[in-house]
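Work through the following exercises with the sequence and the coordinates at hand. Each task is followed by a solution that goes step by step.

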Amino acid sequence: MSTFTRRNFLKATSSTFALGSVGFGFPHIVGAAKKRVVVIGGGVGGTIAAKYIAKADPSIQVTIVEEHPHHHTCFMSNEVIGGDRDISTIKFGYGKMANHGIKVVQDKAVMVDPVAHKVKTEGGTTLGYDRLVMSPGIALKWEAIEGYSEAAAESMPHAWIAGTQTALLRKQLEAMDDGGLVVIAPPGNPFRCPPGPYERAAQIAHYLKHNKPKSKILILDAKDKFSKQGLFTKGFKNVYGDMIEWVPGADTGGGVKAVDVKSMKVKTDFDDYDASVANIIPPQKAAHIAHVADVTDDSGWCPVDLGTFESKKHKGIHVIGDAGIISGLPKSGFAAGTEAKVCAQAVVGLLNDQVAGINSYANACYSIIAPDYGISVVAVYKLAEDRSKINKVGGGLTPADASPEALKREVLYAYSWFNNMTAEMFA
């Protein structure tokens, strides 16, 4: 790493996270009046924001609205697809939220009234709020690829929202004949978890190498470059030889343009491919409830103040995680956790007439190429004084000449990262 060791980074972020927002004191406040915060979404951003708001000011009534009884983490779901992890290990419930004084409403948020400060659910519940935190995640742009749809995803899974789609893609790989072609179609930027499609290629190759070694993986990318490209390319070659082929957007006319589910054909502007398994990852936008709440712009994402994550369209609503336009930060799980803590600090401060300072942020992203071969990128960031961007101020990548022992340690760091993240969310 360029400016600090990975161990020091992990120690620093874990200690500051334990105290609150990255790099700042996060005072414990006891308010006199009962204030109400509703959180939409029970993923990384929603759970961590809810816990840190409740921790900082126990007088605030915090309610999470989440339609699913369990959450499957996207991080480590590629190991499920590759066969080295059971799907039960990425499945978590919300039972321990009550220990933090947080109420969980298991229902789907279907309406937000930013004027009356109310959230309505599909089941008919109405919740009033003083501040609303939205961490709703993503929706898929089904229409962006001709022939692709929610129904088509049952034959050509995206597996980009973890759970049943994750299991489906795994089953298709198990059923595939040796010598088959696996096509992975990553979207253009921005999208959730930029390194994810390439880690997935490696995890699938790990399974095929040991079970169906005549098979091939073809990555038909919409982009001409991707996250951690040099490290991935080296890992692909060193571990899997010629099994994985990456085709840039310049050679496909901008990625996959159409699919035919019945014939299992995947089409670009220049060629058609007969896939045994097709992992089609369409372009993305903020989840539907963000559009209903009118906190999105023409891009399909949510513009926010980068210091508080308050919507630029509606006061009193904060948007964090993948749904937001967070200039300078990637759409990653760790970044969402950082945003959640900064947002929690801002929400508590605003409800108690306190002003937050200039914030810092962090990101750590691990990718497992093989059981003994991991790579990572870590970084720390600071909000620009004009609040226009979150600037990187330090960080680094796994060295290109990392030893086999160092690459093995990266896998252990990845597992520790996963345990810490899920504990922060659900413990």
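Helices (H or I, at least four residues) and strands (E, at least two) are DSSP runs, numbered from the N terminus. This is a predicted model, in which local features need pLDDT of at least 70 and side-chain atom pairs count only at pLDDT 80 or more, while totals for chains, interfaces and linings use all residues. Residues are numbered from 1 along each chain as its sequence is written, and side-chain values use heavy atoms, with hydrogens and water left out.

**Exercise 1.** Determine the strand order of the open sheet of five strands, and state which strands lie at its edges.

*Solution.* Begin with the pairing rule: two strands pair if DSSP finds at least two bridges between them. Applied here, the order is β5-β2-β1-β9-β20, with parallel pairing. The edge strands, each of which pairs on one side only, are β5 (102-106) and β20 (317-319). As a check on one pair, β1 (residues 35-40) and β9 (residues 131-134) are joined in the parallel sense over four bridges, and V39 has V133 of β9 as its bridge partner.

**Exercise 2.** Compare the expected span of helix α5 with the distance between its end C-alpha atoms, and then describe how α5 packs against α6.

*Solution.* The expected span is 1.5 Å times one less than the number of residues. For the 16 residues of α5 (residues 196-211) this gives 22 Å, and the end C-alpha atoms are 23 Å apart, which agrees. Next, take axes as lines fitted to C-alpha atoms, for helices over the stretch in contact, with angles from 0 to 180 degrees between N-to-C directions. The axes of α5 and α6 (residues 229-240) are 11 Å apart and meet at an angle of about 0°, which makes the two helices roughly parallel (angles under 35 degrees). With contact meaning heavy atoms within 4.5 Å, the residues involved include Y198 and H206 of α5 and F232 and Y240 of α6.

**Exercise 3.** Locate F309, and decide whether F309 is buried or exposed.

*Solution.* The first step is position: F309 lies in the loop between β19 (302-303) and β20. The second is backbone geometry, where F309, although not a glycine, has a positive phi of about 65°. Most residues other than glycine have a negative phi. The third is accessibility, for which buried means under 20% relative accessible area and exposed over 50%, with partly exposed in between (1.4 Å probe, protein chains only). F309 is therefore buried, because its relative accessible area is 0%.

Definitions and conventions:
Parallel < 35°, antiparallel > 145°, perpendicular 65-115°, else oblique.
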